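Here is a friendly walk through a structure you may not have met before. Have a look at the model first, and then we can go through it piece by piece.

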Amino acid sequence: MRTPVRELVGREDELDAIVHMLDARDGLPDMVVLSGDAGIGKTELWRAGLEAALERGFRTLTTRPSETETGYSYAGLSDLLGGVGDDVLPRLPPIQRRALETALLVGEPDASVDERAVVSAFLGAVRVLAADGPVCIAVDDLQWLDAASIGPLRFALTRLGDMPVAVLLAVRGTPPEWLRRTSARLVEVRGLSIGATHEVLRTRLSTSFARPLLVRIWKTSGGNPFFALELADALHRRGGALAVGEELPIPSSLGELLSARLDGLGAAAAQVVNVVAALADPSTDLVEAAAGNSADRGLTEALEASVLQLEGERVRFTHPLLGSAVAARTTPSRRRVLHARLAEIVPTSEERARHLALAAPRPSSSAAAALEEAAARALRRGAPVAAAELAEQALRLTPASRPDDVRRRVLAAADMHHRAGDALRARGLLERERARAVPGQERATVVARLARVQSSPRDATALYREALSEAEDDDALRAVIHLRLAELMRFTDGVGQGVEHGRLAVEAASRVDDPPLRCLAAAAYGLLHFNAGLGVPEPTMTEALALERSLVGWPLTDGPTVVHGHHLCWMGDVADARTVFEECRAAAVSRDEPHALADAHWYLSVVEWRAGNWEVADRHAARCFELSSQLGPVLPPQEYPMAIIAAHRGRIDEARAIAERAFALAGAEGMTVAQSGHGWTLGFVELSLGDAAAALPHLRRAVENREAFVLEPAMREELGDVVEALVAGGELEEADATITTWEERARRLDRAWALAILARGRGLVLAARGDFDGALASFEEALGEHARSNDPFQHARTLLALGRTQRRAKQRGAARASLTDALARFERVGAPLWAEQARGELARVGGRSRSAGALTESESRIAALVAEGKSNREVAATLFLTVHSVETALTRIYRKLAVRSRAELARRYGSKT
């Protein structure tokens, strides 16, 4: 069974190759060679592999040579054997011992040491150590290993026979020929993905960058974490932002490295690399056209110097940083001349506009207009980052004497920056424009756009209301403001106001010849109408869906298709909801719309959670969080899927941490409905642990907080839990009243999921009153409703409640069947806490009830290690388990010992076992 290895961002496949070698003891000896560019992350992988070897009981022989050590004989060998010499030397034959002592400069040196004896002695030392247990030979930066040490290493690696030896090597560039001829697994370490680069920068520098800037860092660094960190650090020191058209700063530590390559180029080659650096997609034809008669000679020189490389007809720098260095070395005047020349020869209008902008020394109406058109085209073809850059260039070149053009381009640039994920830049542009706008419709337009890019719902609501007060008779603007307020009301002021704003949005939009606006207004109304417990407004939604399908931009962000998916998701139509949001996800990917992509993953996580596909749901929730964290501060609703899925899968510490943090943030931001969701999560955790008394305050507050926001029964996840907690606490009248209220709403809308939950609650109330016949009938009614809905976890909970009641009614055979079915379903979805409850009930049916605090032998070992302060990963390593197995066992231990945290376990474990 695998022991966990330290996680590295974006390096799962490479780590798996190392772990597979270490875990496959029967496959030893084996060798993994990590190769790649400088700074690409080989050393981090090598270190993680070394840690994994130590965790698995390997004796490690390690060396990390540096360039300055290459002339020192046996420097690497001294490292490899320096820590084991006292154990090994006495067990070697005399000749080998003396040779090795001389090589390692220990004991009485033998001036006439034979190199062949040293080579044999190293193999002998490895053999001695391998006789005691598995050995890992680990060398980082193999290219700097001194020649004297390479000989013994090469000799030993080809003569390991059947020894339990794992070899982990890291080398810059291509592995040497002698190593490629071995049976080693060659693992090429490539650049990180953009998401992994973001995580590395966030972790190492404790900062994050807006997505457009993150993309530039990622592309410029080629995914190389070392280069990305250097670039980001230099940028962070300068305030974390760039002016329009400004190049990324190249730190001196890298600048010197890159300059050495570029300084040796002749004039013709320098001209060619300047052209290549200035072109977005340089081809040999473009380079020749721009560089003139000396192009062939310059290109040949740059290729021979390994500054440029050919990929078919395309010309590329051998590393992206070389292009940045070339651009940074070019003077502004020469750069403008070059861009003016390129504007005459590039094939597309977008490229031509870019070069015109970079060539213009002062504002120009014609250049600004060309850039504005190019920005619009870029946005249409799904490139918001490129569109935002072009829009800012258009704004920069707009003469101040044309204020209408300035305002229009400010709004366009801000919108495109927001779509590209750079809300901070968008807010900055709009705040400046707000300060100089004329009161009335002009300022209302700017303020409404400013509200759109706020991260705080509370701030956005205040700004929209300010804009509405100045919007006068502009139906289009009023429709936009009303639909945005409708969307916000679902999190802030309540669903009643939201429905009214949605109605007003539809009314205003109907007077405007703007199909996308009509679609969005209908979507806002449809969403709030549904959440208010009024069902789907079918005529409005049917018309809006058909209209949206006719639009080029289908599906619209927050449009009718997304709202239709929202309806399907909560009504339990899993298959159709999944189809809708997979379509939305694919569209967001193709158009590079990170906000829409995060939303699609949010809904897919909820769909798969309801469907019982919790591993898939977990992945969607994690992807939503990753994207959201790249786009700005993560809001409480965006963390909701992570919290509920962790809670259901029994990861109670993780669920509590997320829910408590998000609950506090939601309170600070006035997001009452988000507080409700995370409060329900906290209550569900306690109920899962069997502590209804601790759960009830959370659940009551969740019910209260949702009353103003969600009246759709199918969206009230907390109803079944609050009823169960009330019954457990003897609050039968309150439980009965809650059921009666919601049953009427659920029957009116025919919500099978809610009817099943409420029928189960009715059964619990009747059983608590001793009416077993009535209770059993209610449970059967609930099971009938489950057959019409799709939630295997809730189905299993109803079977558990039925089995408990059957046991109390002395129907042991029926109880055993119900509980066995419940247990199987809990195990199938991966709900360890609830599976443990089912096992406990089965034990009671069979007369084998154990003390709630009686741990199994393996659980006792885990509890003892956790009580000592070990992490789940450390426990897993000690007991040769997976981390997941430890997490699952720990949830059972918490329940059995009636504790809720690691600290409480540490305090109470000794007295309970």
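What follows starts with the whole chain and then moves on to its core, its rings, a hairpin and a few unusual spots in the backbone.

**The whole chain**

Keep in mind from the start that this is a predicted model. The chain runs to 913 residues, and 54% of them count as buried. It's mostly a matter of helices when you count elements: there are 47 helices and 7 strands. Measure the C-alpha trace along its principal axes and you get a span of about 100 × 85 × 40 Å. To get a feel for that span, pick out Thr102 and Ala787: their C-alpha atoms are 80 Å apart in space, and 685 residues separate them in sequence. Thr102 itself belongs to helix α5, which covers residues 94-104, and it counts as buried because its relative accessibility is 12%.

How do parts of the chain that are far along in sequence meet? Take the contacts between residues at least 6 apart in sequence: 66% of these join residues at least 24 apart. As for the outside, the chain exposes about 37,900 Å², and 51% of that comes from carbon and sulfur atoms.

**The core**

In soluble globular proteins, nonpolar side chains tend to be buried together. Here, the largest nonpolar core holds 105 residues. Which residues have the most contacts inside that core? They are Trp609, Trp680, Phe826, Trp834, Ile893 and Leu905. Helix α39, residues 752-768, gives the most to this core, with 9 residues.

Ile893 makes a handy example to zoom in on. Leave out its neighbours within four places in sequence, and Ile893 is in contact with Leu855, Glu859, Ile862, Ala863 and Leu905. Leu905 turns up again here, having already been named among the residues with the most contacts in the core.

**Rings and charges**

Now for the aromatic side chains. The structure holds 11 aromatic pairs. One of them is formed by Trp602 and Tyr603, which sit edge-to-face, with 5.1 Å from centre to centre and 75 degrees between the planes. Trp602 counts as buried because its relative accessibility is 17%, and Tyr603 counts as buried because its value is 9%.

Ring pairs also link up into a cluster made of Trp609, Trp614, Tyr640, Trp680, Phe684, Phe793, Phe826 and Trp834. Some of these names should ring a bell: Trp609, Trp680, Phe826 and Trp834 were listed for their contacts in the largest core.

Arginines get in on the act too. Arg610 lies over the face of Trp753, 4.0 Å from the ring centre. In a second case, the charged end of Arg745 sits over the ring of Trp742, at 4.3 Å from its centre.

**A hairpin**

Next, find strands β6 (residues 308-311) and β7, which pair in the antiparallel sense over 4 bridges. Together β6 and β7 form a hairpin with 2 residues between them, and in the turn Gly312 has a positive phi of about 70 degrees. One bridge matches Leu308 with Phe317 in β7.

Which side chains of β7 are buried, and which are not? Along this strand, residues 314-317, the side chains alternate. Val315 and Phe317 point to one face and are buried, while Arg314 and Arg316 point to the other and are not.

**Odd spots in the backbone**

A few places in the backbone deserve a closer look, and here they are side by side.

| Spot | What to see | Angle | Where |
|---|---|---|---|
| Leu28 to Pro29 | cis peptide bond | omega near 5 degrees | Pro29: loop between α1 (12-23) and β1 (30-36) |
| Trp554 to Pro555 | cis peptide bond | omega about -10 degrees | Pro555: loop between α28 (538-549) and α29 (560-571) |
| Asp141 | positive phi, not glycine | phi near 50 degrees | loop between β3 (135-139) and α7 (147-157) |
| Asp558 | positive phi, not glycine | phi near 60 degrees | loop between α28 and α29 |

Are the two aspartates buried or exposed? Asp141 counts as buried because its relative accessibility is 17%. Asp558 has a relative accessible area of 26%, so it is partly exposed. Pro555 lies in the loop between α28 and α29, and that loop is where you'll find Asp558 as well.

Technical notes. Residues numbered from 1 in each chain as written. Heavy atoms only, no water. Buried < 20%, exposed > 50% of the residue type's maximum accessible area, 1.4 Å probe, protein only. Pairing = 2+ DSSP bridges. Phe/Tyr/Trp six-rings, centres within 6.5 Å; stacked < 30°, edge-to-face > 60°. Lys NZ or Arg CZ within 6 Å of the ring centre and 35° of its normal. Core = buried A, V, L, I, M, F, W, Y, C linked by side-chain atoms within 4.5 Å. Contact = heavy atoms within 4.5 Å. Areas by Shrake-Rupley, 256 points an atom, 1.4 Å probe, with all protein chains shown as cover.
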